[in-house]
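Work through the exercises below with the sequence and the model in view. Each task is followed by a solution in steps.

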Amino acid sequence: MANITSEELKALEDQLNCEQLLIKKYKSYAQMASDPQIKTTCEQIAAQHKNHFDTLMGHLS
């Protein structure tokens, strides 16, 4: 892992927290949706944010 500053680490932590929140929100929206198209869209958005989260985590390992 490349050396990262404490400021960069804090920014990564903040972004990881945001991504986790978005994953939870869109999964929740998908569960509440009665329209199958909206449900699918919310699930896709949650998956995109999970991908973002995993990519950011990759920078920490």
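**Exercise 1: The contact between two helices**

Task: In this predicted model, list the residues through which α1 meets α2, and sort them by class.

Solution. Start on the α1 side: L12, Q15, L16, E19, Q20, L22, I23, Y26, K27, Y29, A30 and Q31 take part in the contact. On the α2 side, their partners are K39, C42, E43, I45, A46, H49, K50, H52, F53, L56 and M57. Sorted by class, the contact of α1 with α2 has 13 nonpolar residues, five polar ones and five charged ones.

**Exercise 2: The crossing**

Task: At what angle do the axes of α1 and α2 cross, and is the crossing left-handed or right-handed?

Solution. Two packed helices are described by the angle between their axes and the distance between those axes. Helix α1 covers residues 6–32 and helix α2 covers residues 36–58. Their axes come within 8 Å and cross at roughly 160 degrees. Angles over 145 degrees count as roughly antiparallel, so α1 is roughly antiparallel to α2. The crossing of the two helices is left-handed.

**Exercise 3: Helix spans**

Task: Compare the expected span of α1 with the distance between its end C-alpha atoms, then repeat the step for α2.

Solution. Helix α1 has 27 residues, and at 1.5 Å a residue these should span 39 Å. The end C-alpha atoms of α1 are 39 Å apart, which agrees. Helix α2 has 23 residues, so at 1.5 Å a residue the expected span is 33 Å. The end C-alpha atoms of α2 are 33 Å apart, and this agrees too.

**Exercise 4: Buried residues**

Task: Which residues of α1 are buried, which of α2 are buried, and what do they pack against?

Solution. In α1 the buried residues are L12, L16, E19, I23 and A30. These pack against α2. In α2 the buried residues are C42, A46, H49, F53 and L56. These pack against α1.

**Exercise 5: Two single residues**

Task: Is Q31 buried or exposed, and how far apart in space are T55 and T5?

Solution. Q31 is found in helix α1. Residues over 50% relative accessibility count as exposed, so Q31, at 67%, is exposed. From Q31 to Q44 there are 13 residues in sequence and 13 Å in space, C-alpha to C-alpha. T55 lies in helix α2 and, at 43% relative accessibility, counts as partly exposed. T55 and T5 are 50 residues apart in sequence and 19 Å apart in space, C-alpha to C-alpha.

Conventions: Residues are numbered from 1 along each chain as its sequence is written. This is a predicted model: local features need pLDDT of at least 70, side-chain atom pairs count only at pLDDT 80 or more; totals for chains, interfaces and linings use all residues. Side-chain values use heavy atoms; hydrogens and water are left out. Axes are lines fitted to C-alpha atoms, for helices over the stretch in contact, and angles run from 0 to 180 degrees between N-to-C directions. Helices (H or I, at least four residues) and strands (E, at least two) are DSSP runs, numbered from the N terminus. Angles under 35 degrees count as roughly parallel, over 145 as roughly antiparallel, 65 to 115 as roughly perpendicular and the rest as oblique. A crossing is left-handed if the near helix is turned anticlockwise from the far one by less than a right angle, and right-handed if clockwise. Contact means heavy atoms within 4.5 Å. Ala, Val, Leu, Ile, Met, Phe, Trp, Tyr, Cys and Pro count as nonpolar, Asp, Glu, Lys and Arg as charged, and the others, Gly among them, as polar. The expected span of a helix is 1.5 Å times one less than its number of residues. Buried means under 20% relative accessible area, exposed over 50%, partly exposed in between (1.4 Å probe, protein chains only).
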